[in-house]
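Work through the following exercises with the sequence and the model side by side. Try each task before reading its solution.

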Amino acid sequence: MANDKSGFEVPDQMRDFADKSVDQARKAFDDFMSMTQKAVANVEGSASVAQSGATDVNRKTLSYAEEHVDAAFKFAQQMVRAKDVDEVVSLQRDYMRKQMESLGEQTRDLSATATKAAKKASDAAKE
């Protein structure tokens, strides 16, 4: 048993118990910090995945906008060169049909891309 100058003795069992308690508290704290660091890394990973998905959608949207502008310029050139009203009507009909088809395809593609990005972000957040 340990003695101090006041004559108070701390039993060895009490010292062992206190030592083990401190060790357990330290281990619990280390485990908590480890889990916290993993959670922060997962959140950062989820944000990165979400940003990546948003970037994909933005790039596709910009690409589609460029396609539409290009098609509009081509249409304008054709309209300027049209010889009569029948050709203008035909060009207009063809342009609108092609734009509607293109818009439908692009909408489906953007929807699939956005859904895929949302799923990746959700999966990353769950991990």
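The exercises below concern a predicted model, and each task is followed by a worked solution.

**Exercise 1. The overall chain**

Determine which secondary structure elements the protein chain contains, in what order they come, and what percentage of its residues is buried.

Solution. Begin by counting the elements, which come to two helices and two strands. Next, read along the sequence, where these elements follow the pattern β-β-α-α. Then turn to burial: of the 127 residues in the protein chain, 11% are buried. The surface that the chain exposes is about 10,200 Å², and carbon and sulfur atoms supply 59% of that area. Finally, consider the contacts with a separation of 6 or more, of which 58% join residues 24 or more positions apart.

**Exercise 2. The length and start of helix H2**

Check whether the span of helix H2 agrees with its number of residues, and find which residue caps its N-terminal end.

Solution. Helix H2 covers residues 85–126, that is 42 residues, and at 1.5 Å a residue the expected span is 62 Å. The C-alpha atoms at its two ends are 60 Å apart, which agrees with that expectation. At the N-terminal end the cap is Asp 84, with a side-chain oxygen 3.2 Å from the backbone nitrogen of Asp 86.

**Exercise 3. Two residues of H2**

Decide whether Leu 91 and Thr 113 are buried or exposed, and list what each one touches beyond four places in sequence.

Solution. Both residues belong to helix H2, Leu 91 as well as Thr 113. Leu 91 has a relative accessibility of 14%, and because the cut-off for burial is under 20%, Leu 91 counts as buried. Beyond its sequence neighbours, Leu 91 is in contact with Phe 75, Gln 78, Met 79 and Ala 82; the C-alpha atoms of Leu 91 and Met 79 are 7.1 Å apart, although 12 residues separate the two in sequence. Thr 113, at 12% relative accessibility, likewise counts as buried. Thr 113 touches Asp 56, Val 57 and Lys 60, and its side chain makes a polar contact of 3.0 Å with the side chain of Lys 60. Other buried residues of H2 include Tyr 95, Gln 99 and Ala 117.

**Exercise 4. A nonpolar patch**

Identify which residues make a nonpolar surface patch of about 290 Å², and classify Phe 29 by its accessibility.

Solution. The patch is made by Phe 29, Phe 32 and Met 33. Phe 29 lies in helix H1, which covers residues 12–81. With a relative accessible area of 45%, Phe 29 is partly exposed.

Technical notes:
Residues numbered from 1 in each chain as written. Predicted model: local features only at pLDDT ≥ 70, side-chain atom pairs only at ≥ 80, totals over all residues. Heavy atoms only, no water. Helix = DSSP H or I, 4+ residues; strand = E, 2+ residues; numbered from the N terminus. Buried < 20%, exposed > 50% of the residue type's maximum accessible area, 1.4 Å probe, protein only. Contact = heavy atoms within 4.5 Å. Areas by Shrake-Rupley, 256 points an atom, 1.4 Å probe, with all protein chains shown as cover. Expected span 1.5 Å × (residues − 1). Polar contact = N/O pair within 3.5 Å; in protein donor to acceptor, adjacent residues only side chain to side chain. Patch = residues over 30% accessible without salt bridge, like charges linked within 9 Å, V, L, I, M, F, W, Y side chains within 5 Å. Salt bridge = Lys/Arg side-chain N within 4 Å of Asp/Glu carboxyl O.
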